[in-house]
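Me: I have a model open on my screen and would like a close look at a single part of it. Could you walk me through that part and then show me how its surroundings fit together?

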Amino acid sequence: MVPEVTLTALDLDGDVSADWPLLSLDEVERARRFRFDVHRRRYVAGRAAVRRTLASVVAADPSELVFDYGEHGRPDLAGHPLISFNLSNSESVGLLVVSAAGRVGVDVEVVRPDFADLRVADRFFAPGEIRRLRALPMAERDHAFFRCWTRKEALLKAHGAGLTLPLREFEVSFEPGQPAVLIDGGPVLGHDRWQLYDTSDLVPGCVAAVAVEALPTTPLYSLGGNS
């Protein structure tokens with residue numbers, strides 16, 4: 001059986017009045033700590049979307065779901081070790097990925113040319129990625145930068161180590177027209193363990209990627225999405 005990885009695009013700027021009752025006490029407390037209302041609302045909308053989506057998977061009440069948090073802060077759904085999920089947001093855009101087998105990670109970024117700076121690449125990208133980025137025409141660099149960034153972030157989130165795994169230690173594809181692949185996973189990520197997907201078509205004006213753990217017994221995935 002081929003497990004399905006579902007991906008949902010979210011608008012985080014909607015009315016959240018029906019979302020607050022779904023949150024746990026610690027989520028409510030964290031929401032209240034946000035300085036700006038726009039960030040508070042987007043956090044509440046994202047957490048509620050996670051709860052509603054996972055509740056539909058495990059046939060439970062969204063408000064009754066309990067999360068465990070790993071060493072690096074990655075949440076897991078308590079009592080359901082085979083379910084992996086990850087949420088990413090950039091401004092008002094959110095992407096939620098859920099898998100029933102294998103760890104998953106997602107990253108979405110609004111394209112901001114001011115952030116797509118070669119100095120940022122020099123600091124965070126692998127040497128091979130820097131050379132390839134510099135070789136591209138100027139008109140293609142912004143989107144290439146964000147393709148590289150989101151694919152690396154998605155892999156870090158799927159792995160679960162967060163920024164304890166340096167971005168410079170592994171290399172991904174990002175050239176225009178090339179498939180999303182892990183070129184060199186280094187000593188931690190390996191190579192054949194992970195599958196990458198470019199999911200930018202779900203979020204106009206953004207670049208997005210999903211990383212899926214390729215378990216030996218379930219090497220293939222179908223990626224579905226809705227907004």
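Is arginine 151 buried or exposed, and what is its relative accessible area?

Reply: Happy to take a look with you! Please keep in mind that this is a predicted model. Arginine 151 is buried, with a relative accessible area of 2%. For a charged side chain in that position, the natural next step is to look for its partner. Arginine 151 forms a salt bridge with aspartate 198, and their closest N and O atoms are 3.0 Å apart. This pair links distant parts of the chain, since arginine 151 belongs to helix α5 (residues 138-159) while aspartate 198 belongs to strand β9 (residues 194-198), 47 residues apart. The two ends of the bridge sit in unlike surroundings: arginine 151 is buried at 2%, whereas aspartate 198 has 34% relative accessibility and counts as partly exposed.

Let's stay with α5 and turn to the helix it packs against. The axes of α4 and α5 are 9 Å apart, and the angle between them is about 160 degrees. Angles over 145 degrees count as roughly antiparallel, so that is how α4 and α5 run relative to each other. Their crossing is right-handed. On the α4 side, the residues in contact are Glu129, Leu133 and Arg134, and they meet Arg141, Ala144, Phe145, Cys148 and Lys152 of α5. Sorted by class, this contact has 4 nonpolar and 4 charged residues, with no polar ones.

Arg134 deserves a second glance, as arginine 134 also takes part in a salt bridge with aspartate 122, at 2.9 Å from N to O. Aspartate 122 is in helix α3 (residues 118-124) and arginine 134 is in helix α4 (residues 127-135), so the bridge ties together parts 12 residues apart in sequence. Both partners can be placed by their accessibility: aspartate 122 is partly exposed at 33%, and arginine 134 counts as partly exposed at 40%.

Helix α4 has another arginine to show you. Arginine 132 forms a salt bridge with glutamate 171, with 2.8 Å between the closest N and O atoms. Here the link runs from arginine 132 in helix α4 to glutamate 171 in strand β7 (residues 171-172), and the two are 39 residues apart. Glutamate 171 and arginine 132 are both buried. In the whole structure, a search finds 15 salt bridges, including the ones described so far.

For a companion to the α4 and α5 packing, look at the start of the helix numbering. Helix α1 (residues 25-32) and helix α2 (residues 37-58) have axes that come within 9 Å and cross at roughly 160 degrees. These helices are therefore roughly antiparallel to each other, and the crossing of α1 and α2 is right-handed. Glu27, Arg30, Ala31 and Arg32 of α1 meet Arg40, Tyr43, Val44, Arg47 and Arg51 of α2. By class, that contact has 3 nonpolar and 6 charged residues and no polar ones. Some of those charged side chains are joined up: Glu27, Arg47 and Arg51 are linked in a network of salt bridges.

Arg47 leads to one last stop. Tyrosine 69 lies in strand β2 (residues 67-69). Apart from its neighbours within four places in sequence, tyrosine 69 is in contact with Arg47, Arg74 and Pro75. At 45% relative accessibility, tyrosine 69 counts as partly exposed.

Methods:
Residues are numbered from 1 along each chain as its sequence is written. This is a predicted model: local features need pLDDT of at least 70, side-chain atom pairs count only at pLDDT 80 or more; totals for chains, interfaces and linings use all residues. Side-chain values use heavy atoms; hydrogens and water are left out. Axes are lines fitted to C-alpha atoms, for helices over the stretch in contact, and angles run from 0 to 180 degrees between N-to-C directions. Helices (H or I, at least four residues) and strands (E, at least two) are DSSP runs, numbered from the N terminus. Angles under 35 degrees count as roughly parallel, over 145 as roughly antiparallel, 65 to 115 as roughly perpendicular and the rest as oblique. A crossing is left-handed if the near helix is turned anticlockwise from the far one by less than a right angle, and right-handed if clockwise. Contact means heavy atoms within 4.5 Å. Ala, Val, Leu, Ile, Met, Phe, Trp, Tyr, Cys and Pro count as nonpolar, Asp, Glu, Lys and Arg as charged, and the others, Gly among them, as polar. A salt bridge is a side-chain nitrogen of Lys or Arg within 4 Å of a carboxyl oxygen of Asp or Glu. Buried means under 20% relative accessible area, exposed over 50%, partly exposed in between (1.4 Å probe, protein chains only).
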